[in-house]
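Colleague: Could you take a close look at a single part of this one for me? Take your time and go through it piece by piece.

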Amino acid sequence: MASVEIRDVRKAFGATQVIHGVSIDIADGEFVILVGPSGCGKSTLLRMVAGLENVTGGEIRIGDRVVNDVPPKERDIAMVFQNYALYPHMTVADNMAFSLKLRNAPKSEIEQRVKKAADILGLGHLLDRYPRQLSGGQRQRVAMGRAIVRDPQVFLFDEPLSNLDAKLRVQMRTEIKELHQRLRTTTVYVTHDQIEAMTMADKIVVMHDGIVEQMGAPLELYDRPANMFVAGFIGSPA
Ligand code: ADP
Ligand code: MG
């Protein structure tokens, strides 16, 4: 596990600046949710933490290491996307083993890690199936399995539930929280869904047009929104 520090990070695509000096401290083991309307910069920020986009300015630290120039593979993070494409021609077990094979892990270690991840996620009886033989929720669990087999220091989730129907979404929220309670892996989770943010986060970061409007515990934002935008977005019904 490791802390993540985002220090005055900026991002421009060409002449267009989309992230304007964002700073967020994420403690070891914390579950932080970035929330905000579509286009506010959530994915871009997450992709910079992952190393999939370079930063235009500022600094990103994972643990005690500045990672601005560290390639994604060396950051010890695992990312789960909205469009978690599983490899259709590989079994569940092979899908989960793939990233370990890429890293040349020994076969016995791969088997052991896949088994452990499958146990944690309740996938033990599905290891020989192919993705087309799974339900949406099972596929989502396999996508998480691929992330946890590596036992990374940090999990990054980008709207992992937005392709699921409402009922499954509620169920998966609980499962992801339970997974976090069990593993305590530092997590940065992006969503545009206020309810997901309110129910899952230790700390919520409300973004808007490339800046942070407010961050804090869910109830703190709910009870004491810093401005009209946060009040409207977190949606106090009063
Ligand atoms: P969110 O995830 O909050 O919906 P994004 O991080 O995807 O927002 O996008 C933030 C802004 O950056 C948007 O205006 C988007 O159009 C722009 N953007 C994202 N990626 C690129 C890119 N590769 N090139 C140019 N503009 C981009
Ligand atoms: Mg996005």
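Modeller: Sure, I'll go through the annotated domain, with the sheet before the helices. This is a predicted model, where local features need pLDDT of at least 70, side-chain atom pairs count only at pLDDT 80 or more, and totals for chains, interfaces and linings use all residues. Residues are numbered from 1 along each chain as its sequence is written, while chains are lettered from A and ligands numbered from 1 in the order written.

The UniProt record, an unreviewed entry, puts "domain: ABC transporter" at residues 4-234 (in the numbering used here, with names shortened and annotations that may be inferred rather than shown by experiment). That span is 37% helix and 26% strand, and the C-alpha atoms at its two ends sit 24 Å apart.

Now the sheet. Strand E1 covers residues 4-13 and strand E2 residues 16-26 (strands are DSSP runs of E, at least two residues, and helices runs of H or I, at least four, numbered from the N terminus). The two run antiparallel and are joined by seven bridges (strands pair if DSSP finds at least two). Together E1 and E2 make a hairpin with two residues between them, and glycine 14 in that turn has a positive phi of about 60°. Phenylalanine 13 has threonine 16 of E2 as its bridge partner, and valine 9 has valine 22.

E1 also pairs with strand E4 (residues 57-62), again in the antiparallel sense, over five bridges. Here isoleucine 6 stands opposite isoleucine 60, and arginine 10 faces glycine 57. Put together, you get an open sheet of four strands in the order E2-E1-E4-E5, with antiparallel pairing. E2 and strand E5 (65-66) are at the edges with a single partner strand each, so one side of each has no neighbour in the sheet.

On to the helices, with H2 (residues 92-102) as the one to follow. H2 and H3 (residues 107-121) pack at about 130°, axes 10 Å apart (lines fitted to C-alpha atoms over the stretch in contact, with angles from 0 to 180 degrees between N-to-C directions). That makes H2 oblique to H3 (under 35 degrees is roughly parallel, over 145 roughly antiparallel, 65 to 115 roughly perpendicular, the rest oblique). The crossing is right-handed (near helix turned clockwise from the far one by less than a right angle). Ala93, Met96, Ala97, Leu100 and Lys101 of H2 meet Ile110, Arg113, Val114 and Ala117 of H3 (C-beta atoms, placed from the backbone, within 7 Å). By class, that contact has seven nonpolar, no polar and two charged residues (Asp, Glu, Lys and Arg are charged; Ala, Val, Leu, Ile, Met, Phe, Trp, Tyr, Cys and Pro nonpolar; the others, Gly among them, polar).

H2 also packs on H4 (residues 136-148), where the axes come within 7 Å and cross at roughly 30°. That makes H2 roughly parallel to H4, and this crossing is right-handed. Val92, Asn95, Met96 and Ser99 of H2 touch Val142, Gly145 and Arg146 of H4. The contact of H2 with H4 splits into three nonpolar, three polar and one charged.

Key:
Two residues are in contact if their C-beta atoms, placed from the backbone, lie within 7 Å.
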